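Me: Mind walking me through this one? I'd like to start with the ligand and then work outwards to the fold.
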Amino acid sequence: MIVGRNDGLDGVMAGDTVLSHVDGEAGTLVVRGHHIEELVRQGGLEDLAALLWDGFAEGGGDVKAVRRGLGAARMDAFEKLPALLEVSRDLAPIEALRVGLSILPDEAGLPAHLRVCGALPVYLAALVRRDAGLPPVAPDPALGTAADLLRMLRGTPAPDAHITALDIYLATVADHGFNASTFTARVIASTRAGLVSAAIGGLCALKGPLHGGAPGPVLDMLDEIGTVENIVPWLEKAISDGGRLMGFGHRIYKVRDPRADVLKAVARDLGPASGRLAFAAEVERQALGALRRLKPGRRLDTNVEFYTALVLEAIGIPRTAFTPLFGVARAVGWCAHVFEQERGGRIIRPLSRYVGPVPKQAA
Ligand code: ACO
C-alpha cells in the first residue's frame, strides 16, 4: 500500500488568535500580552483563567468570580462521582476522565467552561483515591483549584509550598498557541458541537505520549537510567535504536522551552527532592549532548515535560495523574480557544492531497 506524506501541518499558519503566542526561535511564550514567567510570578490557575477568558465569558476577567464559579462547579461535579466511579471501574484515570467529561450535558446550570474546568480536578482526585482503595473527599469551594485538588487527593490540607508549586505548574501550562489538543478542540468547536465536546476532543489529543503523556515516561527514563555512569550509554542506545527521549524536542521551540526553566526553578524551590533534581539535571545535560551528536541539525532541546515530571513527583502526585493534571490546566486554555473559535470562526476544513489510485476510466 502506498502511504502519502503526512507532515503534521508543519509550518502551516492555521489561524489568528489573541490568546497566546509561542516564539520558537526566541524561546518565549506570551499569554495575552504578558510573558509566562511574569504571569506565574503574579498568580496561579484562576488568574490565568481570568486572563484567558476575559472578554469571552461573562465575569471572565474577574479572578474572584472565576474562583467562585470553579468552586461551585467542583461541588456540582462531586454529585456526579458515583456515576463516574461506577462505569469507570477498569479504567486508568486519564481514560476515566474521558468518561467523566462525557457525562456532562451541553447545557446545565453553570456555564459549560466552569463545569468542565471544575469537574476535572474533582474527578481526578477521586479516581486516584479509588486506585488507592480510598473514598472520595468532597471539594471545598472556598479554595483555589490547586489547594483543593491536593486536599481532595490527600484527604488533608497540603503544605503551602506544594500548593504554590502545583498552582505555578497549572498556570504555566494553561495555554500554548495551537498545540495539538487545543487545535483539536478548535476543530470541534468550529462545527458548533459545543464546549463540552471540544474539551473531550482536547483531552483525547492530550493523552498521547508525544503531547501530554510525556512526563510519566520521563520518570520511567530516569528510573531506568538509574546511575550517573549509565546516563550516556543509556541515552545513546535509546536514540540509536530510534527511540525518543521523553521531555525533549518540540515542534515549535527550536531553543529551550521557557516553561522548562519556570518549572526547574519550582522543582529547586521544593528542596527535599534536590537529589533527584541533580541527577535529572545531569541526564538533561547529557541528553542535549547526545541529541546534538546523534541527531545533528535537528535542534532538539528540553521541553516543558521534563521538569513537569520532577515537580509533580516532588509534591507526591502519582504518575497515573500526571497527564490528567495537565488536562486540568490545559482545559482552561481549550475553553478560551473554543470561545474564540465560536466567535465568528468558520468551520475548519482543510484540503487533502489525493495520492491514491485513480479510477480506471479516468486514466
Ligand atoms: N528524542 C530523540 N529524537 C527526537 C526527539 C526526541 N525527543 N524528538 C524528535 N526527534 C528526532 C526525530 O526522530 C526526527 O529524527 P529524524 O530526522 O532522524 O527522523 C527529528 O528529530 C524530527 O522529529 P519530528 O518527529 O519530525 O519532530 P516533530 O516536530 O514532529 O515532533 C515532538 C515533536 C512530538 C514533541 C517530538 O520532539 C517528540 O516526540 N518528543 C518526545 C515526546 C515529548 O517530550 N513530548 C512532549 C512535547 S511538549 C508538549 O506537547 C506539552
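Me: By class, how many residues in the shell around the ligand are nonpolar, polar and charged?

Reply: Keep in mind that this is a predicted model. The shell has 21 residues, and the closest include Arg244, Leu245 and Phe248. Split by class, the shell comes to five charged, six polar and ten nonpolar residues.

Me: Which residue has a polar side-chain atom 2.8 Å from an oxygen atom of the ligand?

Reply: Let's set the backbone contacts aside. A polar backbone atom of Leu210 sits 3.2 Å from a ligand nitrogen, and Gly247 offers a polar backbone atom 2.9 Å from a ligand oxygen. The side-chain contact at 2.8 Å to an oxygen of the ligand belongs to His211.

Me: And what share of the ligand's exposed area does the protein bury?

Reply: Go back to one of those contacts, Gly247 with its polar backbone atom 2.9 Å from a ligand oxygen. On its own, the ligand would expose 930 Å². Of that area, the protein buries 76%.

Me: Moving on to the sheet, which strands stand at its edges?

Reply: It's an open sheet of three strands, paired antiparallel in the order S1-S2-S3. The edge strands have a single partner strand each, so one side of each lacks a neighbour in the sheet. That description fits S1 (20-23) and S3 (34-35).

Me: Which residue of S2 is the bridge partner of Ser20?

Reply: S1 and S2 run antiparallel, joined by four bridges. They make a hairpin with four residues between them, and Gly27 in that turn has a positive phi of about 70°. Across from Ser20, the bridge partner in S2 is Val31.

Me: Which residue takes the positive phi in the hairpin of S2 and S3?

Reply: S2 (residues 28-31) pairs with S3 in the antiparallel sense over two bridges. Val31 is opposite His34, and Val30 is opposite His35. Two residues lie between these strands, and the positive phi, near 45°, is that of Arg32.

Me: Which side chains of S2 are buried?

Reply: In a regular strand, side chains alternate between the two faces of the sheet. S1 has an uncovered face with His21 and Asp23, and a covered one with Ser20 and Val22. S2 alternates too: Thr28 and Val30 point to the face that isn't buried, while the buried ones on the other face are Leu29 and Val31.

Me: Over to the helices: which residue just after H10 takes a positive phi?

Reply: H10 covers residues 215-225, and its buried residues are Pro215, Gly216, Val218, Leu219, Met221, Leu222 and Ile225. An α-helix has 3.6 residues a turn, so residues three or four places apart point the same way. Just past the end of H10, the residue with a positive phi, about 75°, is Gly226.

Me: Last one: what's the radius of gyration of the whole protein?

Reply: The secondary structure adds up to three strands and 15 helices. For 363 residues the globule rule gives 21 Å, and the protein comes close to that, so it's as compact as a globular protein of that length. Its C-alpha atoms fill a box of roughly 65 × 50 × 45 Å along the principal axes, and 50% of its residues count as buried. The radius of gyration itself is 21 Å.

Definitions and conventions
Residues numbered from 1 in each chain as written. Predicted model: local features only at pLDDT ≥ 70, side-chain atom pairs only at ≥ 80, totals over all residues. Heavy atoms only, no water. Near = heavy atom within 4 Å. Polar contact = N/O pair within 3.5 Å; in protein donor to acceptor, adjacent residues only side chain to side chain. Areas by Shrake-Rupley, 256 points an atom, 1.4 Å probe, with all protein chains shown as cover. Nonpolar A, V, L, I, M, F, W, Y, C, P; charged D, E, K, R; others polar. Buried < 20%, exposed > 50% of the residue type's maximum accessible area, 1.4 Å probe, protein only. Pairing = 2+ DSSP bridges. Rg over C-alpha atoms; globule rule 2.2 N^0.38 Å.
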